[in-house]
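Work through these exercises with the structure open beside you. Each task is followed by a solution in steps.

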There are 2 protein chains.
Amino acid sequence: MDPIDKVVELFATLPTIGRKTARRLAFHLLRQTQESVETFAEAIVHMRESVRECTVCQTFTDRELCGICSSERRDRSAICVVEQPTDVMAIERAGDYRGLYHVLHGTLSPLDGIGPDDIRLMELMSRLSGISEIILALNPNVEGEVTTQYINKMVSTLGIKVTRIARGIPIGADLEFADDATLARAIEGRVPV
Amino acid sequence: MDPIDKVVELFATLPTIGRKTARRLAFHLLRQTQESVETFAEAIVHMRESVRECTVCQTFTDRELCGICSSERRDRSAICVVEQPTDVMAIERAGDYRGLYHVLHGTLSPLDGIGPDDIRLMELMSRLSGISEIILALNPNVEGEVTTQYINKMVSTLGIKVTRIARGIPIGADLEFADDATLARAIEGRVPV
């Protein structure tokens, strides 16, 4: 296969990249120096090699414990539950939240065959001692709602306050792409489930 | 620097990719297997290593002579002059043109200090024996027009017919992104300069 066509095809498998953009990216790289293309390729491979999941909160990190879980300045009595590591980054950028996180790496979706054992629910259960509040920050769709209700029921006997972020986020949108102000307000206005 | 941030920053240097998309691409790669990320990285490096410019027409190829220049089924009396290798691919996709190409790798732009020696004009002059028609397919903007006039003047004493593709292409648009039908019609309706 032609080396350019191969790169175009691989770029086109990435989200948001169509064939025309893929072609444009491939030709852009052809105009860069060999060295800078190698730097690009090495950064990608290094990232994939070195980044793993935090043993506590399951977000992506290049250490055993992520920067938030190992920080002494975080409120260790609150856990914000999100779907993806990108959601942790989005809430951190919003800047108001000082507690811990837990990344589920998905949501319950019975129709797709994704049950409680397919997301990191047991890992969440195992770290609830000393926790006084669980803030559910899942995407505002059916799967997010199912997962919210499941977690609320799961921890109902533990005497932990369960809240969810305010529904200020437009329905159908990705939490990852909400603007900082909206996200900060949604966390501030969280309500009991 | 954090390995994820580094990849996000590198992705964001690519054309059409903003920071949010760059983040999305980085996290997409984190969810792929190590093997497929390596395949992706290797394809990029291999492309940059193996692709060079055709010694005749100057388009990108992984051989000394590109597939078009080495083909016996092309009309060797016509040369279509374009700015970039992507333009060759666009016209080939349109499917009607059977002659050869010449890639300038740019256009004359006195304001940016790009003169005749900075693009592949001499390489074009050196291959004009036996050529009966030069079809100029440059982008419809000031630089394209300046370059068109310069080439027309440069070859005026050689008795070669100089045409340009019809201005069916919307002014200000990139030739690379024109649709096939428009491009095919523009080549068919070419007129003397």
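**Exercise 1. Find which element gives the most to the lining of the largest pocket, then describe that pocket.**

Solution.
- Step 1. Start with the main contributor. It is α4(A), with five residues in the lining of the largest pocket. Note that the model is a predicted one.
- Step 2. Add the volume. The largest pocket has about 370 Å³.
- Step 3. Look at its centre. The lining has 18 residues, and F60(A), M89(A), D2(B), I4(B) and D5(B) are the closest to the centre.
- Step 4. Place the lining on the elements. Two or more residues come from each of β2 and α4 of chain A, and from α1 (3-12) and α2 (19-30) of chain B.
- Step 5. Sort by class. Eight lining residues are nonpolar, three polar and seven charged.

**Exercise 2. Describe the second largest pocket by volume, centre and lining.**

Solution.
- Step 1. The volume is about 300 Å³.
- Step 2. Its lining has 16 residues; D2(A), T59(B), F60(B), T61(B) and M89(B) lie nearest the centre.
- Step 3. At least two lining residues come from each of α1 (3-12) of chain A, β2 (60-61) of chain B and α4 (85-94) of chain B. With four residues, α4(B) gives the most.
- Step 4. By class, the lining of the second largest pocket holds eight nonpolar, three polar and five charged residues.

**Exercise 3. Work out how chain B is related to chain A.**

Solution.
- Step 1. Superpose the copies. A turn of 180° with a shift of 0.0 Å along the axis lays chain B on chain A, at an RMSD of 0.0 Å.
- Step 2. Draw the conclusion. The two copies are therefore related as by a two-fold rotation axis.
- Step 3. Find the axis. In chain B, A41(B) has the C-alpha nearest to the axis, at 2.3 Å.
- Step 4. Check the interface. Of the interface residues of chain B, 100% are also interface residues in chain A, so the copies meet through the same surface.

**Exercise 4. Trace salt bridges in chain A and say which parts they tie together.**

Solution.
- Step 1. Count. Over all chains there are six salt bridges.
- Step 2. Take R120(A) and E53(A), which meet at 2.7 Å, N to O. R120(A) is in the loop between β4 (99-103) and α5 (121-125), and E53(A) is in strand β1 (residues 52-53), so the pair ties together parts 67 residues apart in sequence. E53(A) is partly exposed, at 31% relative accessibility.
- Step 3. Take E92(A) and R74(A), with closest N and O atoms 2.8 Å apart. E92(A) sits in helix α4 (residues 85-94) and R74(A) in the loop between β2 (60-61) and β3 (75-82), so this pair joins parts 18 residues apart in sequence. R74(A) is buried at 9%, whereas E92(A) is partly exposed at 28%.

Methods
Residues are numbered from 1 along each chain as its sequence is written. Chains are lettered from A and ligands numbered from 1 in the order in which they are written. This is a predicted model: local features need pLDDT of at least 70, side-chain atom pairs count only at pLDDT 80 or more; totals for chains, interfaces and linings use all residues. Side-chain values use heavy atoms; hydrogens and water are left out. Copies are superposed by least squares on the C-alpha atoms of residues with pLDDT of at least 70 in both. Contact means heavy atoms within 4.5 Å. A salt bridge is a side-chain nitrogen of Lys or Arg within 4 Å of a carboxyl oxygen of Asp or Glu. Buried means under 20% relative accessible area, exposed over 50%, partly exposed in between (1.4 Å probe, protein chains only). On a 1 Å grid over the protein atoms alone, a cavity is a set of points where a 1.4 Å probe fits but cannot get out, and a pocket is an open set with protein on both sides within 12 Å along at least five of seven lines; lining residues have an atom within 4 Å of a point. Grid points are joined across faces, edges and corners, and a volume is the space filled by probe spheres set on the points. Ala, Val, Leu, Ile, Met, Phe, Trp, Tyr, Cys and Pro count as nonpolar, Asp, Glu, Lys and Arg as charged, and the others, Gly among them, as polar.
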